[in-house]
Amino acid sequence: MPASSARAVTGTIDALGISVTGDGTAPGVDDTVDGNGIIGTNVAATFAWSITASNLVDGTISQTLPEGWTWVTSSLTNLNSTSAVYSSSYQVTDGGRTLTSTMSVPNSTMVTIPGLKATPANTVPNGSVYTPELIGTDGTGTKTATAAALTVASKLKVLVAATTPSLTTPTRYDFGSGTEKASSVSLGVQVRAVVEQAGSGDPSNLTLPITITLSYDGPVADAVTVNGTSAAYLRVDSVDGNTITLSLLQMPTSTVEPTVSLYYQAAKLPQSEADATNVTYTTSYDAVTAADGSTLLPAYSASRAIPVYYEEKTDPDQLYNASASETIGGYSGTADPVDTLPVGWLPYVDWTTMSSGSPIGNDATTLLSTQYVPAYWRDAGSVGATNLVGYQFWDGSIGTLVGDASDIAVFTAARQAVDPDRYTVQYTAGNTTTDPAANTWVDSVAAAGGADAVRGVRVVLTDPWAVGGTASSATQLLLNVPVQVHTDALGSTTFATTAVWTADGQDTLTREASLAVTPLVVSSLVAPTDVVMSGSDITYLVRQGFGLGRFTPATTDPLVVEDVSLTVTLPAVLTTVDYQDALDQGWTLVSMTDADYGPDGLPATSDDVSGPVLVFEHDPITVSSTTTTMYAFNLLGTTALGAPADRAYANSVLTYSVDPLGDGTAKASGSTRITQLQALAVDGTATPTVIETADTTVQWNANWYNYGASTANQAGYLLDVLPYEGDSRGTSTSATLSLASVELLGDLADSAIEVTSTDPASIGTQGAGATWAPLTADTDMSTVTAVRVATPASGAAGTVRLVLNATGQHGGDVLAKQRRGVGRQQRQRVQPELPGAGGQFHRDRHAVERRGR
């Protein structure tokens, strides 16, 4: 992601650190311990950056790798953050070597960026040393930090193997007196430098050539060759009877397998496979060592056997049995479909071949096309068929025959119409496909009861078909029947067809196909950002699409989609949701249920019950085109500072009705991987976010997170100042507020609680202006203006749940609250003051709106 800076760098980087948190293992180079300072090629080193900054704006932090190293892009997602703790973007330059992050850190915050991975390629020299250096630039200048050095380890490894020999017979070869009958044996030599394994070395350092010996028993070959592209890699040095010496000249590419061929004169070989004896071919080579003395190729020998003989092949004529197929086509043009029927097979002009099961719209015209291929000999020609009859059946409850007798076409695959004197077309209202002749067949549509009653058409050939002669497309017969489909159901209704061909002396050929008649095509999508840092913003694209089914005629009446309701369930990792874009796009919010974070009150923990649920409605939607119209909006949210263990899922359920077709449902799901923010931070939630004027209490949860590797052992305080009229956070209320209760959850459950009655405006950002006392049963809760809780040196997350009594509020009042973390060892405010934002949006997790009625 590009990192850009349009503003001057301000603020300071107070401390900068870099460490190597892992260097992997590469057993092939005796690196069997992770973290020993040795890194094999093709193994990722893992770095962690740590930054403590004060009001830093657009500072830059960069690390440059040596030549041959590259950053693992998928590991850099932690540098994409829009959280309130810090914001960051990054770019990679210098051919993938320099990683630069532009970062802003409000207040005084300690941040760790773990999991940044980089890999040395196999071309990085063995023994080279890299000392990681981190450079930070702030408003005052540049700071640097270094980590322990990494030493690269690699070893060159090459694999050589001979492939199984193959025999070619018969063939011809010129042994010196012109081409003559021969057989040949070919053996491939597979040579590959191993470059992808942990610790693999650079094959450019391999010393060539490598000598390979090929020996074999049995007849002595009359010629040995290396031809074509193989000659650039393999050379025949000598031939001594049954021993061939070869030289490997260069390393082949992954797509090249150098081959050596041995040619035998036919007269010297057995004249059939039955008389052949096995010949054993053995490849071998001596040990090959690298310049440093390491062994690249151990001494090797492998044998493979194959029968060697000469044989003239015979090729008897082959009979191909009769076959048939069933295809359905759909019409996409604007003219009358029966005026554009295909001449022969599909596809044709505006007629599209449809795969079985494909969706098609209401009132669309389909073409049922069945093809018959008579039996034929490959050499002797067509066998043909006597008393050939082709049947086409369909589901008459959905399909209706269209056009007249002239629109039922009998053609060859050569696009030639069959002479009508050679066949008759008949109709039936029956649908018996297992014994098609048993149906009652008549000579006209009217006699069958009309087009609505017809369920089958047959073509009866009155003389033998394609008997003798050359088998070609002109002997292949097609029966094409146009049928219009219609359903009164909203979902997908299967339209099934069956084709049957019978003839004397052949098996009955039955073929089936189907389409899914779908008046309305509805698509639903929930597409969140794929990967985000915890505490960052997240966008959910929510999209519903409506269109008429494929090939629906333009003359078909539009469908009106009514009772449109969309329920979107978001994950419990979210602490805010902004649905304004949905309203801007014409949706109405009917209800919103806040997230239930479970007993500990913390989002993104294992006891979460449910995330926010939003229910929208939309005015009736008129659908008049096969082109899908999209109704989309974005939901914007902020994730909690804690990351869930698994991907965070969002789901949507769309319900609707179409008169008179019925009700429909469409569902969608999408997920996000949330990486853990490495920092000491706090956030909070208000429950509920909107209350009524008659309500008497309001609840806030202040959530504490200690996920930073550099902050894990720090103890401190969580300071929570109650809202008061006119505070800098945006509180505007006529209510009288007083503390009702304090509850500690999660890793704060056993912490000490202190309270103060000091004027809240005088308490200060670190609480130094207040007089603190332990909370006891005798404490006068009505006078409490702030609460602070001791945060432990260990533990990951906890919650301070405050319940306030409220009286005298009016519609439109806004109550806002802040929390601050105060460290004993390092005093720092790790969360900026976030003003409350009123309004009906679940935008701000720290504000509660009083709604009047």
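User: Let's start with strand pairing. Which residue in β19 stands opposite serine 186?

Analyst: Serine 261 is the residue of β19 that stands opposite serine 186. Keep in mind that we're reading a predicted model. Zooming out, that contact point belongs to the pairing of strand β14 (residues 179-193) with β19, which is antiparallel and runs over seven bridges.

User: Which other strand is joined to β19, and by how many bridges?

Analyst: That's strand β16 (residues 223-225), joined to β19 by three bridges, again antiparallel. Here alanine 223 stands opposite tyrosine 263.

User: How should I think about side chains along a strand like that, and is β19 enclosed or open?

Analyst: The general idea first: in a regular strand, side chains alternate between the two faces of the sheet. As for β19 (residues 259-265), five of its seven residues are buried, so the strand is largely enclosed by the rest of the structure.

User: Now β25. Which strands does β25 pair with, and in what sense?

Analyst: β25 pairs with strand β28 (residues 365-373) in the antiparallel sense over eight bridges. The pairing of β25 with β26 is antiparallel too, over four bridges. If you want residues to click on, threonine 327 has serine 369 of β28 as its bridge partner, and glycine 330 stands opposite threonine 352 in β26.

User: On to aromatics. How do I read a ring pair?

Analyst: You need two numbers: a pair of aromatic rings is described by the distance of the centres and the angle of the planes. In this model the count comes to 17 aromatic pairs. Take tyrosine 331 and tryptophan 351: their centres are 5.1 Å apart and the planes make 45°, a tilted pair. The pair links distant parts of the chain, with tyrosine 331 in strand β25 (residues 323-331), tryptophan 351 in strand β26 (residues 351-354), and their positions 20 residues apart.

User: Why do tyrosine 331 and tryptophan 351 count as buried?

Analyst: The cut-off is under 20% relative accessible area. Tyrosine 331 has 6%, so that residue is buried, and tryptophan 351 counts as buried because its value is 1%. For a contrasting angle, look at tyrosine 391 and phenylalanine 393: centres 6.1 Å apart, planes at 5°, so this pair is stacked. Tyrosine 391 is buried at 3%, and phenylalanine 393 is buried at 1%.

User: Which residues do ring pairs link into a cluster?

Analyst: Phe47, Trp69, Trp71 and Tyr130 are linked that way. Rings can host a charged partner as well: arginine 788 lies over the face of tyrosine 717, 4.1 Å from the ring centre.

User: Last topic, loops. Is glycine 642 buried or exposed?

Analyst: Buried, because its relative accessibility is 2%. Glycine 642 lies in the loop between β47 (629-639) and β48 (648-658). Beyond its neighbours within four places in sequence, glycine 642 is in contact with Ser534, Val573, Ala604, Gln676, Tyr705 and Tyr707. Compare sequence with space as well: glycine 642 and alanine 796 are 154 residues apart in sequence, yet 8.8 Å apart C-alpha to C-alpha.

User: Where is threonine 475, and which residues does threonine 475 touch?

Analyst: Threonine 475 is in the loop between β35 (456-461) and β36 (477-485). At 12% relative accessibility, this threonine counts as buried. Leaving out residues up to four places away in sequence, threonine 475 touches Tyr372, Pro374, Trp465, Ala466 and Thr470.

Note on methods: Residues are numbered from 1 along each chain as its sequence is written. This is a predicted model: local features need pLDDT of at least 70, side-chain atom pairs count only at pLDDT 80 or more; totals for chains, interfaces and linings use all residues. Side-chain values use heavy atoms; hydrogens and water are left out. Helices (H or I, at least four residues) and strands (E, at least two) are DSSP runs, numbered from the N terminus. Buried means under 20% relative accessible area, exposed over 50%, partly exposed in between (1.4 Å probe, protein chains only). Contact means heavy atoms within 4.5 Å. Rings of Phe, Tyr and Trp (its six-membered ring) pair if their centres lie within 6.5 Å; planes under 30 degrees apart count as stacked, over 60 as edge-to-face and the rest as tilted. A charge sits over a ring if NZ of Lys or CZ of Arg is within 6 Å of the ring centre and within 35 degrees of the ring normal. Two strands pair if DSSP finds at least two bridges between them.
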